[in-house]
Amino acid sequence: MKRIFVAAVVTAAVLAGPAHSQRLRAVTMLSGNEAIVLRPHFLKPDCTSGQLPDVRVINAPQHGSLRLEKSTITINAPAGAPRAQCNGKGIEAIGVVYKSNDGFVGTDRIVMKADFHNGNVSEMIVLVDVR
């Protein structure tokens, strides 16, 4: 399986804040390839993985397919961020893998919802620019 990551992989995390949030992500990739377009996770204050969120697809892509897989990410928060002390630590995540239909070029849209076990809910919209 060939994976090409053209854009920086984005993550969705719940640290502290509103119980319901909406996040927009944009990813660029090559037609016919696979890429992890989102990695929902939960990072506890002690820099360990919390229980993974329940992730569900609200609107599937029209020009490709999705699959979910367990994944590991390395924390890389900006200096001064609430979990910057966790930088360099690996934690569990759910990788949302997108593959465009062969020959498709254009924009695809995915809407997902992640229910975190601390009561937070995050709706994630991913715009995939397929080239």
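These notes cover a three-stranded sheet, one loop residue and the salt bridges of a predicted model.

1. **The sheet.** Strands 3, 7 and 6 form an open sheet, in that order. The pairing is antiparallel. Strand 3 and strand 6 are the edge strands, and each pairs on one side only. Neighbouring strands of this sheet are turned by 40° against each other on average, direction ignored.

2. **Strand 7.** This strand covers residues 90-100. Is it enclosed or open to the outside? Eight of its eleven residues are buried, so strand 7 is largely enclosed by the rest of the structure. Buried here means under 20% relative accessible area.

3. **Strand 3 against strand 7.** Strand 3 spans residues 34-38. Four bridges join strand 3 to strand 7, and the two run antiparallel. To find the pairing on screen, start at Leu-38: it stands opposite Val-96 of strand 7.

4. **Strand 6 against strand 7.** Strand 6 runs from residue 64 to residue 74. How many bridges join strand 6 to strand 7? There are eleven, again with the strands antiparallel. Two positions help to trace the register. Leu-66 has Tyr-98 as its bridge partner in strand 7. Glu-69 has Gly-95 as its bridge partner in strand 7.

5. **Salt bridges across the sheet.** The structure holds four salt bridges. In one of them, the side chains of Glu-34 and Arg-67 meet at 3.1 Å, N to O. This pair links distant parts of the chain. Glu-34 lies in strand 3 and Arg-67 in strand 6, 33 residues apart. As for the background, side chains of opposite charge can pair when their charged atoms come close.

6. **Burial of that pair.** Which class does each partner fall into? Glu-34 has 11% relative accessibility, so it counts as buried. Arg-67 has 29% and therefore counts as partly exposed. The cut-offs behind these labels are under 20% for buried and over 50% for exposed, with partly exposed in between.

7. **A shared partner.** Arg-67 also forms a salt bridge with Glu-69. The closest N and O atoms of Arg-67 and Glu-69 are 2.5 Å apart. Salt bridges that share partners thus join Glu-34, Arg-67 and Glu-69 into one network. Glu-69 is worth finding twice, as it is also the bridge partner of Gly-95 in strand 7.

8. **Arg-56 and Asp-115.** Another salt bridge joins the side chains of Arg-56 and Asp-115, at 2.2 Å, N to O. This pair, too, links distant parts of the chain. Arg-56 is in strand 5, and Asp-115 is in strand 8, which covers residues 106-115. The two residues are 59 apart in sequence. Arg-56 has a relative accessible area of 39%, so it is partly exposed.

9. **Gln-62.** Where is Gln-62 found? It sits in the loop between strand 5 (54-59) and strand 6. Its relative accessibility is 70%, so Gln-62 counts as exposed. Leaving aside neighbours within four places in sequence, Gln-62 is in contact with Asn-101 and Asp-108. Gln-62 and Arg-109 are 47 residues apart in sequence. In space, their C-alpha atoms are 7.4 Å apart.

Methods
Residues are numbered from 1 along each chain as its sequence is written. This is a predicted model: local features need pLDDT of at least 70, side-chain atom pairs count only at pLDDT 80 or more; totals for chains, interfaces and linings use all residues. Side-chain values use heavy atoms; hydrogens and water are left out. Buried means under 20% relative accessible area, exposed over 50%, partly exposed in between (1.4 Å probe, protein chains only). Two strands pair if DSSP finds at least two bridges between them. Axes are lines fitted to C-alpha atoms, for helices over the stretch in contact, and angles run from 0 to 180 degrees between N-to-C directions. Contact means heavy atoms within 4.5 Å.
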